[in-house]
Amino acid sequence: MNKPTQVVVGEHTFNIEWGVAADDIFGRTQLRQCVIQINDTANTAPSQVRDTLFHEILHAAFVGEIIPFAPDEEERVARVLAPTLLGILRHNPEVVQFLLEK
Ligand SMILES: [Zn+2]
């Protein structure tokens, strides 16, 4: 499957940059520029790459300090929610299809 190059989060379209490996991060979200960078180099497992993208999308969703996270709390919430929500989406295609109906 092709890697997506954009994701819409709320009112913003984030460009997704792949292969960014300036340091040892898995991913990074630059809110001001609406850019999500994903490090999919260095033999990163595909499941880790997908988890990282969803993790960064959650960071993008938390923009604007709508949720007043304590320091490091946003990171912990994203780390828990990303794999959990991905698992729900992956294992419940009927539910996902129902939810996305218009
Ligand atoms: Zn994070």
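Below is a short back-and-forth about the fold of this predicted model.

Me: In what order do the elements run from the N terminus on?
Reply: The protein has three helices and four strands. Reading from the N terminus on, the order is β-β-β-β-α-α-α.

Me: How does the radius of gyration sit against the globule rule for 102 residues?
Reply: The C-alpha trace spans about 40 × 35 × 25 Å along its principal axes. For 102 residues the globule rule gives 13 Å, and the model comes close to that, so it is as compact as a globular protein of that length. The radius of gyration itself is 14 Å.

Me: What is the order of the four strands in the open sheet?
Reply: Let's build it from the pairs. E1 (residues 6–9) and E2 (residues 12–18) pair in the antiparallel sense, E2 and E4 pair in the parallel sense, and E3 and E4 run antiparallel. That makes the pairing mixed, and the order is E1-E2-E4-E3.

Me: And which are the edge strands?
Reply: Look for strands that pair on one side only. In the order E1-E2-E4-E3, the edge strands are E1 and E3.

Me: Which residue in E2 does Gln 6 stand opposite?
Reply: E1 and E2 are joined over four bridges. Another of the facing pairs there is Val 8 with Thr 13. For Gln 6, the residue opposite is Asn 15.

Me: Which residue in E4 faces Glu 17?
Reply: Here we're at the parallel pairing of E2 and E4, which has four bridges. Glu 17 stands opposite Gln 37.

Me: Which residue takes a positive phi in the hairpin of E1 and E2?
Reply: This hairpin leaves two residues between its strands. The positive phi is near 60°, and the residue that takes it is Gly 10.

Me: What about the hairpin of E3 and E4: which residue has the positive phi there?
Reply: This hairpin has four residues between the strands. The residue in question sits in the loop between E3 and E4, and its phi is about 55° although it is not a glycine. The name to look for is Cys 34.

Me: Is Cys 34 buried, exposed or partly exposed?
Reply: Buried would take 20 or more other C-beta atoms within 10 Å, and exposed 12 or fewer. Cys 34 has 16 C-beta neighbours inside 10 Å, so it counts as partly exposed.

Me: Which residues form the covered face of E3?
Reply: In a regular strand the side chains alternate between the two faces of the sheet. In E3 the uncovered face holds Arg 28 and Gln 30, and Gln 30 has Val 35 as its bridge partner in E4. The covered face is Gly 27 and Thr 29.

Me: Which strands does H1 touch as it packs on the sheet?
Reply: Neighbouring strands of this sheet are turned by 20° against each other on average, direction ignored. H1 packs on the sheet with its direction at about 25° to that of E3. The strands it touches are E1, E2, E3 and E4.

Me: How far does H1 reach from its first C-alpha to its last?
Reply: With 16 residues at 1.5 Å a residue, the expected span is 22 Å. The model comes close to that, at 23 Å.

Me: Which residues of H1 are buried?
Reply: These residues pack against E1, E3, E4 and helix H2 (73–91). They are Thr 52, Leu 53, His 55, Glu 56, Ile 57 and His 59.

Me: Which five residues make up the largest nonpolar core?
Reply: Strand E4 (35–38) and helix H1 (46–61) each supply at least two of them. One of the five is Phe 14, whose contacts include Val 7, Ile 36 and Ala 60. The full set is Phe 14, Ile 36, Ile 38, Leu 53 and Ile 57.

Me: Over in H2, is Glu 75 buried or exposed?
Reply: Glu 75 belongs to helix H2, and its C-alpha is 12 Å from that of Thr 52. The cut-off for exposed is 12 or fewer other C-beta atoms within 10 Å. Glu 75 has 12, so it is exposed.

How values were computed:
Residues are numbered from 1 along each chain as its sequence is written. This is a predicted model: local features need pLDDT of at least 70, side-chain atom pairs count only at pLDDT 80 or more; totals for chains, interfaces and linings use all residues. A nonpolar core is a set of buried Ala, Val, Leu, Ile, Met, Phe, Trp, Tyr and Cys residues joined through C-beta atoms within 7 Å. Two residues are in contact if their C-beta atoms, placed from the backbone, lie within 7 Å. Two strands pair if DSSP finds at least two bridges between them. The expected span of a helix is 1.5 Å times one less than its number of residues. The radius of gyration is taken over C-alpha atoms; the globule rule is 2.2 Å times the number of residues to the power 0.38. Axes are lines fitted to C-alpha atoms, for helices over the stretch in contact, and angles run from 0 to 180 degrees between N-to-C directions. Lists of a residue's contacts leave out its neighbours within four places in sequence.
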